[in-house]
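Reader: Please take me through the fold of this chain, beginning with its sheet and then moving inward.

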Amino acid sequence: MINILFCGNSKVFDGILTCSLSILKRTETKEPFKFFVYTMDLQDLNENYKPISSAQISFLENVIKEYNAENSIEKIDVTDLYNKEFRGCPNEQCYCSPYTLLRLFADLVPGMPSKFLYLDADILANRDITLLYNIDVSNVEYAAANDHYGKYLINPHYINAGVLLFNMELCRKTEIFKKSRELIKTKKLIFADQSALIRSTTKKKLIAQKFNDQKFLHKWTVLRHFSQRLFYFPFPHIANIKQWDVTNVHKVFKYFQFDDILLEYIYLREKFKREFHE
C-alpha cells in the first residue's frame, strides 16, 4: 500500500484531483494507493474555511478507483483536534492558512500507517511516485528536499515541507509532532508548521531537488511543486500559479507535458459540477 496524505479545505479539491490524477497516470505500480485527507470546519473564523465535502470525497473515490479498484480515500475531520490544540494560537493567521497546520496531528489520528507521504495539493507528478516513496527512511523521521529559495537565503540544508516522506514509528518515538505543536502554540513562527517541524527535527534525510522542484521542470523531475515563484520579467514580481490554472500553465510556464492530466481534470471538473451542482 502506498499512503498519501493531503490537508485542506473545500478549495483544495482541484489540487487533490489534479495531483492524484498525476500520481495515478505517471506511476506503473499495481500496488494500491490509500489517500488520507485531513480537513476541518473553521467557518466561524473565515467563511471560506469550509471542510472538504462528502460529495468531493465521493467523487474523488470514484476517480481513483477507475485506475485500481483497490485504491481508497479517507476523509478525516480534525476540527476538534484543531480547536483543542491550536484555536487562538499565535500562528492561527499564518502565512498560508490554518490548514497547513493539520499535518502536525498525524500522531493523534488513529490508524495512520507507519510510512506515508505528505503532499501539498499544488503538486503534479512528472515521473513515477515510487521513485520517491521507496526511499529508505527507516533511520530518520522524514525525507525532504531543499527549499529552492531557503537554501540560498536561510540555510544550505533548509527544507521545503510541501513534500515529506514520514517514518511514523520514529516520529512517535522522538515526538516530533508533539514538539512542533508546542512551538505552534507558544511562538509566532515565520513559516508556521514548516518552521516548527524543522526546529523539532532530530534526524532527517535530505533528498534530491527533483523530488520537490519548486521552480523548474526537468525531464528528471519527479514532483513539480507549483508554489509561489519569483519572476524577473517583465519586472521582478512574485506569482502564485497553480496547476489547475491551465491557461497560465501553458502561457507562462510553457508546460505541455501535463496535458493528458489537465485535459482529464477539465472533463472531471465539469462532470463534478453537473452531478453535484458545486
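**Sheet and core**

Author: In this predicted model, strand E1 (residues 2-7) and strand E2 (residues 33-39) pair in the parallel sense over 6 bridges, where strands are DSSP runs (E, at least two residues) numbered from the N terminus and pairing requires at least two DSSP bridges. Residues are numbered from 1 along each chain as its sequence is written, and local features need pLDDT of at least 70, side-chain atom pairs count only at pLDDT 80 or more, while totals for chains, interfaces and linings use all residues. Side-chain values use heavy atoms, leaving out hydrogens and water.

Reader: Which strands are the edge strands of the sheet?

Author: The open sheet holds 7 strands with mixed pairing, in the order E3-E2-E1-E4-E7-E6-E8. Pairing on one side only marks the edge strands, which are strand E3 (72-77) and strand E8 (204-207).

Reader: Which residue in E2 does Phe6 stand opposite?

Author: Strands E1 and E2 run parallel to each other where they pair. Opposite Phe6, in E2, stands Val37.

Reader: Which helix contributes the largest share of the largest nonpolar core?

Author: A nonpolar core is a set of buried Ala, Val, Leu, Ile, Met, Phe, Trp, Tyr and Cys residues joined through side-chain atoms within 4.5 Å, buried being under 20% relative accessible area with a 1.4 Å probe, protein chains only. Among the 56 residues of the largest one, Leu117, Leu119, Leu132 and Leu223 touch the most other members. The largest share, 7 residues, comes from helix H1 (residues 13-26), a helix being a DSSP run of H or I with at least four residues; the helix asked for is H1.

Technical notes
Buried means under 20% relative accessible area, exposed over 50%, partly exposed in between (1.4 Å probe, protein chains only).
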